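Me: I would like to go through this protein step by step. Please keep the reasoning short.

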Amino acid sequence: MWRPALRAASVETGRDNGMHALRHFYASVLLDAGESIKALSEYLGHHDPGFTLRTYTHLMPSSGTRTRAAVDRVFSDEGPAADGPERAHEGD
């Protein structure tokens with residue numbers, strides 16, 4: 001379906017406009033939203049999160065802004081995020 005749709009739109013087919021590009025876009029959107037490498041690895045069907053990290057690390061947003069925002073949240077009225085570190089020990 002993808003290749004005929006590209007041809008109908010007069011877009012050249014190939015790796016730059018194929019499923020590889022869609023996977024890359026998907027990964028970049030999730031990383032930009034703060035998704036973890038481990039989760040992204042599972043979503044993409046990679047067996048090794050290290051492979052996912054090596055492949056997509058250049059897409060990861062700057063952590064400085066996220067770090068400052070996380071610390072600001074802790075000291076604000078908002079409190080920590082619902083999926084913060086305190087939840088990591090809930091299963092213990």
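Reply: Contact here means that heavy atoms lie within 4.5 Å. The model is a predicted one.

Me: How many helices and how many strands does the protein have?
Reply: Read along the sequence, the pattern is α-α-α-α-α-α. The count is therefore six helices and zero strands, where helices and strands are DSSP runs.

Me: What share of the 92 residues is buried?
Reply: A residue counts as buried when its relative accessible area is under 20%. Of the 92 residues in the protein, the buried ones make up 16%.

Me: What distance separates the end C-alpha atoms of helix α2, and what span is expected?
Reply: Helix α2 covers residues 19-32, which is 14 residues. At 1.5 Å a residue, the expected span is 20 Å. The end C-alpha atoms agree with this, being apart by 20 Å.

Me: Which residues of α2 are buried, and within what arc do they fall?
Reply: The buried residues of α2 are Ala27, Leu30 and Leu31. Seen down the axis of α2, they line one face of the helix, because they fall within an arc of 100°.

Me: Which residues are exposed on the other side of α2, and which elements do its buried residues pack against?
Reply: Phe25 and Asp32 are exposed on the other side of α2. The buried residues of α2 pack against α3 and α4.

Me: Which residue just after α2 takes a positive phi?
Reply: The phi angle in question is about 95°. The residue that takes it, just after α2, is Gly34.

Me: Which elements give two or more residues to the largest nonpolar core?
Reply: In soluble globular proteins, nonpolar side chains tend to be buried together. The largest nonpolar core here has seven residues: Ala27, Leu30, Leu31, Ile37, Leu40, Leu44 and Tyr56. The elements that give two or more residues to this core are α2 and α3.

Me: Which residues does Ala27 touch, not counting residues up to four places away in sequence?
Reply: Ala27 is one of the residues of the largest nonpolar core. With residues up to four places away in sequence left out, Ala27 touches Leu40, Leu44 and Tyr56.

Me: Is Thr52 buried or exposed, and which side chain does its own side chain join in a polar contact?
Reply: Thr52 lies in helix α4. Its relative accessible area is 0%, so Thr52 is buried. Among the residues that Thr52 touches are Ile37, Leu40, Ser41 and His46. A polar contact of 2.6 Å joins the side chain of Thr52 to that of His46.

Me: How many salt bridges does a search of the whole structure find, and how far apart in helix α3 are Lys38 and Glu42?
Reply: The search of the whole structure finds two salt bridges. Lys38 forms a salt bridge with Glu42, with the closest N and O atoms 3.2 Å apart, and both residues are exposed. Because they are four residues apart in helix α3, Lys38 and Glu42 are separated by about one helical turn.

Me: Which residue forms a salt bridge with Asp48, and is that residue buried or exposed?
Reply: Asp48 has 38% relative accessibility, so it counts as partly exposed. In its salt bridge with Arg54, the closest N and O atoms are 3.7 Å apart. The relative accessible area of Arg54 is 57%, and the cut-off for exposed is over 50%. The residue asked for is therefore Arg54, which is exposed.

Terms used:
Residues numbered from 1 in each chain as written. Predicted model: local features only at pLDDT ≥ 70, side-chain atom pairs only at ≥ 80, totals over all residues. Heavy atoms only, no water. Salt bridge = Lys/Arg side-chain N within 4 Å of Asp/Glu carboxyl O. Buried < 20%, exposed > 50% of the residue type's maximum accessible area, 1.4 Å probe, protein only. Expected span 1.5 Å × (residues − 1). Arc of directions from axis to C-beta. Core = buried A, V, L, I, M, F, W, Y, C linked by side-chain atoms within 4.5 Å. Polar contact = N/O pair within 3.5 Å; in protein donor to acceptor, adjacent residues only side chain to side chain.
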